[in-house]
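Student: I've got a structure to look at and a few quick questions. Can you walk me through it?
Tutor: Sure, put it up and fire away.

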Amino acid sequence: MRRWLIWTPLVLFALLFAIVAGGLFKPADRVVRSALVGKPLPDFTLPPIAPGKPGLSSAAFRQGQPRLLNIFASWCIPCAAESPQLVRLKAMGVPIDAIAIRDTAPALVDFLRRNGDPYDRIGDDRQSAVQLALGSSGVPESFVIDGRGRIVLQHVGDIRADDVATIAAAIRDAK
Amino acid sequence: MRRLLLLLALAVAAPVSADPSTPPAALAYTQLRDPAQEAQARDLMATLRCVVCQGQSIADSDASMAGDMRALVRSRIAAGETPEAIRAWLVERYGDYVTYDPPFGAATWPLWLAPVALLVIGALIARSSFRRTRR
């Protein structure tokens with residue numbers, strides 16, 4: 001009994017070491033995902049912000065056609081980085097609407113002029129209220145919504161070139 | 001010459017800001033009029049995680065989104081909603097991760113029971129070692 005008991009501190013140390021080393025080599029996933037994926041899109045109505053571009057309400061996502069909902073802001077640098085991919089998705093026939101977080105009309109117009117404008121509608125979310133209602137934790141984020149107003153996919157962070165196929169496929173499958 | 005021009009361009013370049021220029025929400029940095037309601041809001045805010053700056057509560061964080069979450073908490077408390085209803089609303093959207101006061105459930109029971117288990121083990125060890133010294 002005593003003979004093997006002497007090894008327990010070493011075994012405990014090895015166990016602790018393995019746990020710490022595991023955390024070091026494979027850090028935990030810190031992405032906060034929305035718990036609403038697979039559930040209906042919350043109801044909202046947002047006023048327009050860019051001249052000549054309508055505002056956005058949740059009713060736009062219940063018209064039978066899957067759409068991409070992009071959450072962005074003109075002050076957000078990764079949003080500018082992802083805009084070529086959004087333009088590409090638009091060219092592939094994916095309809096895109098957007099929610100602008102804490103933005104101003106002049107800054108937004110300037111952003112669209114510089115980075116391209118793939119959006120059908122842009123809603124003005126002054127105090128991130130709709131962003132919070134969606135369970136979104138930052139900009140940019142994109143949601144794929146099927147034609148019946150159900151969220152089928154959330155993409156956290158900027159859309160890179162190799163994410164385009166996944167998102168286009170999700171839009172296709174949602175039909 | 002070209003290098004000099006490049007250096008000059010670097011020196012006069014304005015840094016790009018990655019924060020919104022819009023003013024913070026009215027209730028992000030302003031307390032509620034009613035002290036009892038403000039105390040309720042404050043207790044709740046201290047136990048909600050800022051989803052941008054994940055190590056901080058929304059009461060501690062200066063991120064613009066934390067400000068908007070504080071505004072949401074204060075305006076809902078002012079409208080008469082209970083703190084637990086607001087917490088439930090946020091958990092429904094962000095999962096248990098958003099609360100620093102995790103509910104007892106399938107994933108969190110070791111968290112709640114481990115201290116009790118450790119205390120019991122400690123008491124057993126203490127008892128057996130006291131017995132040994134008395135002899």
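Tutor: Start with a term: a residue is buried if 20 or more other C-beta atoms lie within 10 Å of its own, exposed if 12 or fewer, and partly exposed in between, with C-beta atoms placed from the backbone. A nonpolar core is then a set of buried Ala, Val, Leu, Ile, Met, Phe, Trp, Tyr and Cys residues joined through C-beta atoms within 7 Å.
Tutor: Some ground rules too. This is a predicted model, where local features need pLDDT of at least 70, side-chain atom pairs count only at pLDDT 80 or more, and totals for chains, interfaces and linings use all residues. Residues are numbered from 1 along each chain as its sequence is written, while chains are lettered from A and ligands numbered from 1 in the order in which they are written.

Student: OK. How many residues has the largest nonpolar core?
Tutor: The largest nonpolar core has 61 residues. Among those with the most contacts inside it are A:F72, A:I99 and B:M69. Helix 3 (residues 64–78) of chain B gives this core its largest share, seven residues. Helices (H or I, at least four residues) and strands (E, at least two) are DSSP runs, numbered from the N terminus.

Student: What is A:I99 in contact with, leaving aside its neighbours within four places in sequence?
Tutor: A:I99 is in contact with A:L46, A:L56, A:L69, A:I71, A:G123, A:D125, A:V130 and A:Q131. In contact means that the C-beta atoms of two residues, placed from the backbone, lie within 7 Å.

Student: And between the chains? How many residues of chain A are in contact with chain B?
Tutor: There are 20 residues of chain A in contact with 22 residues of chain B. On the chain A side, helix 5 (residues 129–133) gives the most, with three residues. That side divides into ten nonpolar, seven polar and three charged residues. For those classes, Ala, Val, Leu, Ile, Met, Phe, Trp, Tyr, Cys and Pro count as nonpolar, Asp, Glu, Lys and Arg as charged, and the others, Gly among them, as polar.

Student: Switch to helix 4 of chain B. Which residues are buried there?
Tutor: B:I86, B:L90 and B:Y94 are buried.

Student: Why are they on the same side of helix 4 of chain B?
Tutor: They cover an arc of only 55 degrees around the axis, so they sit on the same side of helix 4 of chain B. The arc is that of the directions from the helix axis to the C-beta atoms. In general, an α-helix has 3.6 residues a turn, so residues three or four places apart point the same way.

Student: What do the buried residues pack against?
Tutor: They pack against helix 2 (35–45) and helix 3 of chain B. On the other side of helix 4 of chain B, B:E84, B:A85 and B:A88 are exposed. B:G95 follows the helix, with a positive phi near 85 degrees.

Student: Backbone oddities next. Where is the cis peptide bond?
Tutor: The cis bond joins A:V139 and A:P140, with omega about -10 degrees. A:P140 is in the loop between helix 5 and strand 6 (141–145) of chain A.

Student: And A:R102, what is its phi near?
Tutor: Phi of A:R102 is near 45 degrees, positive in a residue other than glycine. A:R102 lies in the loop between strand 4 (96–101) and helix 4 (105–115) of chain A.

Student: Buried or exposed, this A:R102?
Tutor: A:R102 counts as buried because it has 26 C-beta neighbours inside 10 Å.
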